[in-house]
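Visitor: I'm new to this one. Could you pick a single part and walk me through it slowly?

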Amino acid sequence: YLTNTPFNDRITAGVPDNVTVSHKIGTATGDKTFSDCGIVYASNRNYLLCFGSNGGDEKIAAKFMAEVSKAVYDYVINN
């Protein structure tokens, strides 16, 4: 169920489209708190990744999570 989510701007945005990600986001707009935790089913090994952001803009938090997700994915795939 967690692979079928319409939220693709955080962890999922940092991995290729053909990589499965099971994840759950959290959003508390009033508190400016945003999160995403999930399992990335990378080809050479699966890994867990969790993010939490507090006190910022949602779009900036999502962009940061996507950028770090890409860096982690690249590291896992190449090592």
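Guide: Let's start with a cut-off: a residue counts as buried under 20% relative accessible area, as exposed over 50%, and as partly exposed in between. Keep in mind that this is a predicted model. By that yardstick Lys 63, at 53% relative accessibility, is exposed. Our part is the helix Lys 63 belongs to, α1, along with a residue that leans on it.

Helix α1 covers residues 58–78, which makes 21 residues. From first C-alpha to last, α1 reaches 30 Å, close to the 30 Å expected at 1.5 Å a residue. At its start, Asp 57 has a side-chain oxygen within 3.1 Å of the backbone nitrogen of Lys 59.

Now look at which residues are tucked away: Ala 61, Ala 62, Met 65, Ala 66, Ser 69, Tyr 73 and Val 76 are the buried ones in α1. Viewed down the helix axis, these buried residues fall within an arc of 135°, so they line one face of α1. What they pack against is β2 and β3. Over on the other side, Ile 60, Lys 63, Phe 64, Tyr 75 and Asn 78 are exposed.

Back to Lys 63, which makes a salt bridge with Glu 67, with 3.6 Å between the closest N and O atoms. The two sit four residues apart in α1, so about one helical turn separates them. Glu 67, at 46%, counts as partly exposed. Further along, the side chains of Lys 70 and Asp 74 meet in a salt bridge too, at 2.7 Å from N to O. This pair is also four residues apart in α1, again about one helical turn. Lys 70 is partly exposed at 44%, and so is Asp 74 at 29%.

Then there's the residue leaning on the helix: Arg 10, from the segment before β1. Arg 10 is buried, at just 2% relative accessible area. Among its contacts are Ala 62, Met 65, Ala 66 and Ser 69, residues that are themselves on the buried list of α1. Its side chain also has a polar contact of 3.0 Å with that of Glu 58. Asp 9 joins in with a salt bridge to Arg 10, at 3.7 Å from N to O, although Asp 9 is partly exposed at 38%. Together, Asp 9, Arg 10 and Glu 58 form a network of salt bridges.

Arg 10 touches the strands as well: its contacts include Ile 25 and Asp 36, and Ile 25 stands opposite Asp 36 in β2.

How values were computed:
Residues are numbered from 1 along each chain as its sequence is written. This is a predicted model: local features need pLDDT of at least 70, side-chain atom pairs count only at pLDDT 80 or more; totals for chains, interfaces and linings use all residues. Side-chain values use heavy atoms; hydrogens and water are left out. A polar contact is a pair of N or O atoms within 3.5 Å; within protein, one must be able to donate a hydrogen and the other to accept it, and residues adjacent in sequence count only if both atoms are side-chain atoms. Contact means heavy atoms within 4.5 Å. Two strands pair if DSSP finds at least two bridges between them. The expected span of a helix is 1.5 Å times one less than its number of residues. Buried means under 20% relative accessible area, exposed over 50%, partly exposed in between (1.4 Å probe, protein chains only). The arc is that of the directions from the helix axis to the C-beta atoms. A salt bridge is a side-chain nitrogen of Lys or Arg within 4 Å of a carboxyl oxygen of Asp or Glu. Lists of a residue's contacts leave out its neighbours within four places in sequence.
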